[in-house]
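Work through the exercises below with the sequence and the model in view. Try each task before reading its solution.

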Amino acid sequence: MDRVQQDQPFQFNSYTTVFENLLKKEKEPETTMMFQYKKNHPCLVDNDQLPLIDLSSLAGAGSSTILEKERCKRQIIEASKEWGFFQVVNHGISNELLKKLNVEQMKLFRQPYDKKSSSNSFLSNTYRSGTPTPRNHFSWSEAFHIPLSDIRSGNPQNTNNNNTLRSTIDEFAGTLSELALKIAQVLAENVGSDAKGLAGYFAENCSEETCYLRLNRYPPCPISSEQVFGLMPHTDSDFLTILYQDQVGGLQLLKDGRWVTVKPNPQYLIINIGDLFQAWSNDLYKSVEHRVMTNNKFERFSAAYFLCPSHDTVIRCKGGPPLYKKFSFGEFREQVQEDVRKLGRKVGLSRFLL
Ligand SMILES: O=C(O)CCC(=O)C(=O)O
Ligand SMILES: [Fe+2]
């Protein structure tokens, strides 16, 4: 999630401008740095091993046995330790809703730039394009980064033009927030704290005011995928993320020093561990780097839900001698932003190691 750039809006008025900017930057050292980065992890594998977990027993379906539920929890825990990423089916979101979301997302992004960037609906000020870093790396993508509270409580006066979109993403985000809390609870219980207290921790600290939904579009990209990413490699600065991607593909994650392609299946959701859960679990669960590759033929859409706490929420390591000093989410965000400003990249959790 940490497209920290969102704090400093960047004005591209079309992808032609983006393209021209990229060509101008081509000889700058930062671009060379990006090539280096790619060379450092050259082995790309298509992997069918990424765990796929059936969540029907967790959804509390009456017919599931305790044994099935325990098995499902175990799979979630193992995948979070081993991969930091997993796919899920029977997640509680119907195929109809996913298709509707896709259609609404297309309509939204296909509006003219001026309309997208100056939307006066519940989406106002949520549009980002080019997502540049201070050193002018940028991602070949555009996004709406929307606080949940804006979707859910949307001022009725402002929602007139976008009612179907709003109700669709409201339903989507509502189901995902329940799912995110369930997964967080499973992961947290395993670290050894009492279940009741934990339910309170996530529900109290992660609210509609603090969680986000991001709608992404990756336009077809005329520049070689060696030169620009759809989304730069990053880890997410939240507890966990739930992602829906369409059939185009392009998402890759880093596993044992190799980039692994996540094969798209529009019926699955993808869940990944964020930095906060890695610190909270004292490195038991892994927040792994991921990125999106560009595609020269097809546009791609995805939607991500970020389980984030309020800025004053304190993250303390659980289970064993702590690896990290305790920090608030606000301190973490500030550190990330400072690093991006000064170094051109997120340093992340290692800043808080003891
Ligand atoms: O679009 C994707 O597949 C990934 C999006 C992502 O990683 C993010 O928004 O943080
Ligand atoms: Fe991400």
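**Exercise 1: the chain as a whole**

Of the 354 residues of the chain, 40% are buried, where buried means that 20 or more other C-beta atoms lie within 10 Å of the residue's own, exposed means 12 or fewer, partly exposed means in between, and C-beta atoms are placed from the backbone. The model is predicted, so local features need pLDDT of at least 70 and side-chain atom pairs count only at pLDDT 80 or more, while totals for chains, interfaces and linings use all residues. Residues are numbered from 1 along each chain as its sequence is written, and chains are lettered from A and ligands numbered from 1 in the order in which they are written.

Task: State how many helices and strands the chain has.

Solution. The chain has ten helices and 15 strands; these are DSSP runs numbered from the N terminus, helices being H or I with at least four residues and strands E with at least two. Among contacts with a separation of 6 or more, 78% link residues 24 or more positions apart; a contact means C-beta atoms, placed from the backbone, within 7 Å.

**Exercise 2: the sheet**

Task: Give the strand order of the open sheet and find its edges.

Solution.
1. The eight strands follow the order β2-β3-β11-β8-β13-β6-β5-β4, with mixed pairing; two strands pair if DSSP finds at least two bridges between them.
2. β2 (52–54) and β4 (127–129) are the edges: each has a single partner strand, so one side of each lacks a neighbour in the sheet.
3. From one strand to the next, the twist averages 25°; axes are lines fitted to C-alpha atoms, for helices over the stretch in contact, and angles run from 0 to 180 degrees between N-to-C directions.
4. Within the sheet, β5 (residues 142–147) runs antiparallel to β6, joined by six bridges. A143 has N216 of β6 as its bridge partner.

**Exercise 3: helix α4**

Task: Check the length of α4 and find which side of it is buried.

Solution.
1. Helix α4 covers residues 95–109, and at 1.5 Å a residue its 15 residues should span 21 Å; the expected span is 1.5 Å times one less than the number of residues. The end C-alpha atoms are 21 Å apart, which agrees.
2. The buried residues of α4 are L101, E104, Q105 and L108. They lie on the same side of α4 because they cover an arc of only 105° around the axis, taken from the directions from the helix axis to the C-beta atoms.
3. Exposed residues N95, E96, K99 and K107 sit on the face turned away from the buried side.
4. The cover over the buried residues includes α7 (163–190), β6 (212–218) and β13 (300–307).
5. α4 packs on the sheet, touching β5, β6, β8 (240–245) and β13, and its direction makes about 110° with that of β13.

**Exercise 4: the core**

Task: Which element gives the most residues to the largest nonpolar core?

Solution. This core has 79 residues, and A180, A184, L213, L240 and L307 have the most contacts inside it. A nonpolar core is a set of buried Ala, Val, Leu, Ile, Met, Phe, Trp, Tyr and Cys residues joined through C-beta atoms within 7 Å. α7 gives the most, with eleven residues. Leaving aside residues up to four places away in sequence, A184 touches F202, F239, L240 and L307.

**Exercise 5: a loop residue**

Task: Where is N90, and what is the sign of its phi?

Solution. N90 lies in the loop between β3 (85–89) and α4. Its phi is positive, about 50°, although N90 is not a glycine. With 15 other C-beta atoms within 10 Å, N90 is partly exposed.

Technical notes: Contact = placed C-beta atoms within 7 Å.
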